[in-house]
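Biologist: I am new to this structure and should be grateful for a close look at a single part of it. Please take one strand and describe its surroundings and its pairing.

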Amino acid sequence: MSSKPPLHAAHGPLAGPALSLPVSIAIEGKCCLLVGGCNQALLKARLLTKAGAILHVFAYAGVEQELLELTSHSGGTLNLFDPHVDLLDAVRKSQWLDSGILCVVALQDNSVATKIAAFCTEQKLLINVVDSPSLCSFTFPARVDRGSLQIAISSSSRVPVLSRFLRQKIEALLPFEYGALNELATEFTPIVAKALPDKQLRRRFWEAILDGPVAELVFSGRIKQAKTKLRRMLENHLDTSLEGEVFLVGAGPGDPELLTLKALRLMQLADVVLYDRLVSTEILELVRRDAKRVYVGKQRAEHSTSQEGINDLLLKHAIAGERVLRLKGGDPFIFGRGGEEIEHLAQHNINFQVVPGVTAASGCACYAGIPLTHRDHAQSVRFVTGHLKSGSPDLPWHEFVDAHQTLVFYMGLVGLPEISAKMIEHGRAPETPAALIQQGTTKKQRVVSGTLAGIAALAKQHKIQAPTITIVGSVVELREKLTWFTPNDQVE
Ligand code: SAH
């Protein structure tokens with residue numbers, strides 16, 4: 001049905017050193033070794049014992065009372081030595097090596113720490129040496145704790161400060177009672193699983209619980225009412241059947257920050273996503289992780305999935321009860337054939353929502369420092385398709401001659417020589433400023449500007465490629481004054 005997605009949408013390993021894999025390890029009842037008795041060791045002892053580890057500590061005499069208490073409560077041992085004893089030797093001779101699963105080293109002496117790390121690695125223990133990422137086989141991520149709910153943030157040992165900074169931001173965002181919500185959901189998980197054996201129906205039920213009135217009741221401390229409400233909602237849910245829906249969403253021209261809040265929310269709800277070639281990889285990354293992805297990209301002269309094929313696919317998934325995200329570049333109603341897609345859905349009584357997006361003209365113009373209208377330059381702006389149906393231009397050229405009108409051509413790269421020639425032929429001044437913006441709003445944005453007469457040659461000379469829009473009008477001149485606005489793009 002669909003051809004291979006373009007390279008930019010491939011999901012391969014990132015360039016550069018490999019990333020760490022965040023996992024959460026169940027260490028309850030497992031032996032963990034801790035070497036050192038300083039404050040850092042105490043912090044790690046708190047974390048390990050909170051997760052139920054049996055802690056065996058190797059340190060020099062004179063440790064904090066709290067470390068002693070944590071160790072003994074965990075069912076482990078505190079092994080204290082005189083300063084002349086080699087701690088590596090103590091660890092080597094310890095009887096917990098075989099049953100141990102990990103070792104944390106928090107010592108001032110880096111050479112001893114290095115040796116212990118090497119030894120533990122040989123023994124196949126996971127090893128963490130505080131403040132020495134290169135010696136670690138695992139690290140402790142920055143964490144946001146909400147009771148039994150924990151959020152871990154890892155910078156793959158590159159910039160721990162950044163993880164901590166992010167942690168502060170998340171702390172501020174999440175109500176403290178998320179832990180209580182997790183507890184409540186845990187309590188009801190088996191009940192809900194029994195009542196709603198259908199996986200999708202169950203997921204929707206939980207979504208309604210975790211992002212609705214039940215969650216609000218928990219956040220305001222009314223746990224009992226929350227439970228009553230949950231039971232009532234479960235009863236009501238038993239009679240519902242899965243209803244499919246289509247979200248026709250404009251993804252904007254490329255920069256993920258130009259997504260609307262609504263787009264982002266629906267992207268998180270989708271069971272399946274049908275996306276086209278203009279949707280950037282970064283944006284696709286924001287779709288719910290386990291949503292099925294179907295590439296239905298269209299390219300000039302290579303329609304991998306026909307419009308009828310796309311219409312049928314949307315219908316098929318929606319009839320199967322899925323929430324279908326139709327993600328389109330820019331705005332779905334501007335040269336997006338969005339209208340045709342929902343017409344088809346309406347004919348078949350499928351529910352749908354349409355979410356506007358930032359269209360290429362406004363996104364690219366802003367990021368290139370070109371105001372599309374301006375009191376002194378242009379009182380109107382016109383979006384025109386440059387994709388000429390019969391291959392030859394059949395546009396109302398006489399309407400394009402007004403010097404106070406900005407024109408934006410979409411899909412106009414191939415037809416550019418004819419477009420500029422026809423405009424000049426019908427009376428638009430050859431020296432009218434014109435600009436080409438390729439991959440606007442993305443990190444690869446390129447802008448080339450010149451005159452209407454010379455723009456086609458410039459496109460060829462600079463090997464401009466799709467997706468590109470062409471802006472024609474005196475507003476293009478303003479770009480020089482406004483380039484401060486466009487720090488990233490390559491100006492040519
Ligand atoms: N619905 C889209 C337009 C789809 S038509 C929207 O509202 O933006 C496809 C054309 O849009 C491309 O040929 C190109 O002319 C333009 N386009 C889309 N994204 C672009 C981008 N990031 N930079 C430059 N042009 C873009």
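Modeller: The account below concerns one strand and its partners, followed by a brief note on a pair of helices. The model is a predicted one, and the part chosen is strand S17, which spans residues 433–438. Of its 6 residues, 6 are buried, so the strand is largely enclosed by the rest of the structure. In a regular strand, side chains alternate between the two faces of the sheet. Here both faces of S17 are covered. On one side lie Pro 433, Ala 435 and Ile 437, and on the other Ala 434, Leu 436 and Gln 438, all of them buried.

S17 also has strands paired with it. Strand S18, residues 446–451, joins S17 in the antiparallel sense through 6 bridges. Within that pairing, Pro 433 of S17 has Thr 451 of S18 as its bridge partner. Strand S19, residues 468–472, is likewise antiparallel to S17, with 5 bridges between them. In this case Ala 435 is matched with Ile 471 of S19.

For context elsewhere in the chain, helix H1 (residues 39–50) packs with helix H2 (residues 65–74) at an angle of about 25 degrees, their axes being 10 Å apart. Because angles under 35 degrees count as roughly parallel, H1 and H2 are described as roughly parallel to each other. The crossing of H1 past H2 is left-handed. Leu 42, Ala 45, Arg 46 and Thr 49 of H1 meet Glu 66, Leu 67, Leu 70 and Ser 74 of H2. By class, this contact comprises 4 nonpolar, 2 polar and 2 charged residues.

Definitions and conventions: Residues numbered from 1 in each chain as written. Predicted model: local features only at pLDDT ≥ 70, side-chain atom pairs only at ≥ 80, totals over all residues. Heavy atoms only, no water. Buried < 20%, exposed > 50% of the residue type's maximum accessible area, 1.4 Å probe, protein only. Helix = DSSP H or I, 4+ residues; strand = E, 2+ residues; numbered from the N terminus. Pairing = 2+ DSSP bridges. Axes fitted to C-alpha atoms, helices over the stretch in contact; angles between N-to-C directions. Parallel < 35°, antiparallel > 145°, perpendicular 65-115°, else oblique. Left-handed = near helix turned anticlockwise from the far one by under 90°. Contact = heavy atoms within 4.5 Å. Nonpolar A, V, L, I, M, F, W, Y, C, P; charged D, E, K, R; others polar.
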